[in-house]
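Dear colleague,

I am passing on the structure we spoke about, and below it you will find my notes on what came out of the analysis. Please read them alongside the coordinates.

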Amino acid sequence: MSRPGRGRPFGGRGGAGASAGFGQKSTSSANQLATLLKQARQSGQLNLSNREWDAVPDAVWRINVAVPAEAQEVSLDRDEGSWWEQNDLTKLVLASNKLSELSEEVRQLGALTILDVHDNQLASLPNAIGDLERLGRLTLSDNRLTKLPAAICRLAELQFLSLESNQLTELPTELNLLQSLTVLKLHNNKLQRLPDGLCQLRQLQSLTVNGNALVELPRGTGLMTSLKELVAHTNKLTSVPNLQGCSSLRRLELHRNRLQEMPVVNSGLKELLLAENAIRSLDTSWLAPSIMSLDLSGNKLTELSE
C-alpha cells in the first residue's frame, strides 16, 4: 500500500529550514557587525579578524562618516555615551580573512594609526593607502603581494612596516621618504636587490631581508647609523659592504650565503652569525671585543691569523 507524500514533509521542511537558517545566520552576522561598529565608535578600535570574509562591508569604511542608527533615537541614558561623541577609528584589524583586495574607500579611515591585514590573499594595494597620513603601524605579512604602490611612501609617520612572506620582486624607489620607519620586515619574499634609498632611512633600527634572492646589499648600508639588527641570512650574497659605519649595529646574521671573506663590522657588535658560507680564512685581529656570539660552522676555514 502506497503512502503518498511520505517524502514531502522532509523535503518541504528541509528546504524551508535551510532557507530560514541561512536568513537567521545572515541576520545574526549583520547584528553582530552592528554591535561591533557601535563599540568601535566608543573605543576607536575594531577587530574583524578570522571571519572568512572575501570583502570588507561598506559600513566599516564609512564608520567615521555614517550617522549610526542610535542617532535616530533619543535617550537620556548617559552610560552608553552620545553618538556625536564617537571616536574616529584608530585601529583596524582585518587579519586572517580571505581578502583579495582593499577598497579605495580605505581613505575614509584617515585617523587610523594601526592597520593589520596580515594572512589574507591580497595581490595588490590601493593607491588610497597613501592617504592614511597618521598610520604608524602597517602589517601586510602573509599575503600575495608582488609589488607596492609608490603611494605607500607617502606615509610619513609610519614606524613599523611588515611585508614578510609575500611574493615581492621589487620595492618602490621612493622608499627613502619613510623617514619615521624604525622596523622593516621584508623576509621570505623574492627580492633580488634593495633600492639604494633604503639606506637613507635614518631612523631604521631593524631590517630583516632573509629568505630572498639578494646577491648584494646597497653600498650605503654601512651609513645606517641607527641600525641595530641586520638579518640577511639565506640569500645569495657573495660579499657585503663595509659596515664599520653602522655604529649601533649589535646583531648581524649572514649565515647561509656565499660569502668568501669576513665582513668588516663596527666595534660594538655582539652577535655575528656566518655559518654555511664559503669563508676560507679568519683574521681575529678585527674581531670586536664586544662579540659574545660568533658562528662560523659549515665554512671552509683553512687559515687562522691574529
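**Surface, fold and core**

The chain exposes about 16,500 Å², of which carbon and sulfur atoms supply 46%. Please keep in mind that this is a predicted model, with a mean pLDDT of 88 for the chain and 85% of its residues reaching 70 or more. The stretch to treat with caution is residues 1–23, where pLDDT stays under 50 and for which the model has two contacts beyond four places in sequence.

As for the fold, the chain holds two helices and 13 strands, and buried residues make up 43% of its 306 residues. Among the contacts in the chain with a separation of 6 or more, 24% are accounted for by residues 24 or more positions apart.

Turning to the interior, the largest nonpolar core has 76 residues, and the members that touch the most others in it are Leu92 and Leu186. Helix H1 (8–43) and helix H2 (58–61) each supply at least two residues of this core, and the largest share, four residues, comes from H1. Note that H1 spans 8–43, while the low-confidence stretch covers residues 1–23.

If you would like one place to begin, consider Leu92: leaving aside residues up to four places away in sequence, Leu92 touches Leu46, Leu48, Val60 and Trp61, together with Leu109, Leu112, Ile114, Leu115 and Asp116.

With best regards

Notes. Residues are numbered from 1 along each chain as its sequence is written. This is a predicted model: local features need pLDDT of at least 70, side-chain atom pairs count only at pLDDT 80 or more; totals for chains, interfaces and linings use all residues. Side-chain values use heavy atoms; hydrogens and water are left out. A nonpolar core is a set of buried Ala, Val, Leu, Ile, Met, Phe, Trp, Tyr and Cys residues joined through side-chain atoms within 4.5 Å. Buried means under 20% relative accessible area, exposed over 50%, partly exposed in between (1.4 Å probe, protein chains only). Contact means heavy atoms within 4.5 Å. Accessible areas come from the Shrake-Rupley method with a 1.4 Å probe; for residues, only the protein chains shown count as cover. pLDDT is the predictor's confidence in each residue, from 0 to 100.
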